[in-house]
Structure formats: C-alpha cells, structure tokens
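These are notes for a colleague who is opening this structure for the first time. Please keep the sequence and the model in view while reading the points below.

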Amino acid sequence: MNRYESPRLGGEARIRYLDGDFQILAPGNHVRCAVTGQQIPLDELKYWSAERQEAYVDAAAAMSHMRPE
C-alpha cells in the first residue's frame, strides 16, 4: 500500500492482515491497537499479526501480546 492508496474517509478501517502486507476490506483512516486500544493511522501501520488478525501501535505492544502467558 502506498500513500496514493490511503483511504481518506474517516472512521475505523476493516483490514485483512497478510504476511508483510495488508488488504483494506472496508475504507477508513485508522485501525485500533489490540493491546492499547489506541488509534493507528493506516499510513503509520507497521506492526500486526496475520495469524491473530490484529494490529499493534508499536513493537513493544506487539511483543507483549505475543509472549506466552
């Protein structure tokens, strides 16, 4: 996804997270972090789990959520 493909509509996007990429299923301008609940603008989305289909605000949130309990 590049900056020209970024949806400009407000609201939360629905995303399918793939290995190394993601696909926008429903337009929006952000997703929510599965750990913190923070909004993540789509153009800043860098961390997600394709297996869990979840987004993370940063590497620390991703790692904290993936550690065994």
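1. Start at the hairpin of S1 and S2: 2 residues lie between the strands, and Gly 20 has a positive phi near 80° there. The model is a predicted one.

2. The two strands of this hairpin, S1 and S2, run antiparallel and are joined by 5 bridges. One pairing to look at is that of Arg 14, whose bridge partner in S2 is Ala 26. Arg 14 and Ala 26 are 12 residues apart in sequence, yet 4.8 Å apart in space, C-alpha to C-alpha.

3. Ala 26 belongs to strand S2, residues 21-26. Beyond its neighbours within four places in sequence, Ala 26 contacts Ala 13 and Arg 14. With a relative accessible area of 23%, Ala 26 is partly exposed, because buried requires a value under 20%.

4. In a regular strand, side chains alternate between the two faces of the sheet. S1 shows this alternation: Ile 15 and Tyr 17 are buried and point to one face, whereas Arg 14, Arg 16 and Leu 18 point to the other and are not buried.

5. The largest nonpolar core has 13 residues, and Ile 15 and Tyr 17 are among those with the most contacts inside it, as are Val 31, Ile 40, Leu 42, Leu 45 and Ala 55. Strand S1 (14-18), strand S6 (54-56) and helix H1 (59-66) each give two or more residues to this core.

6. Ser 49 sits in strand S5, residues 47-49. Ser 49 is buried, at a relative accessible area of 8%. Not counting residues up to four places away in sequence, Ser 49 touches Tyr 17, Glu 54, Tyr 56 and Met 66.

Note on methods
Residues are numbered from 1 along each chain as its sequence is written. This is a predicted model: local features need pLDDT of at least 70, side-chain atom pairs count only at pLDDT 80 or more; totals for chains, interfaces and linings use all residues. Side-chain values use heavy atoms; hydrogens and water are left out. Helices (H or I, at least four residues) and strands (E, at least two) are DSSP runs, numbered from the N terminus. Buried means under 20% relative accessible area, exposed over 50%, partly exposed in between (1.4 Å probe, protein chains only). Contact means heavy atoms within 4.5 Å. A nonpolar core is a set of buried Ala, Val, Leu, Ile, Met, Phe, Trp, Tyr and Cys residues joined through side-chain atoms within 4.5 Å. Two strands pair if DSSP finds at least two bridges between them.
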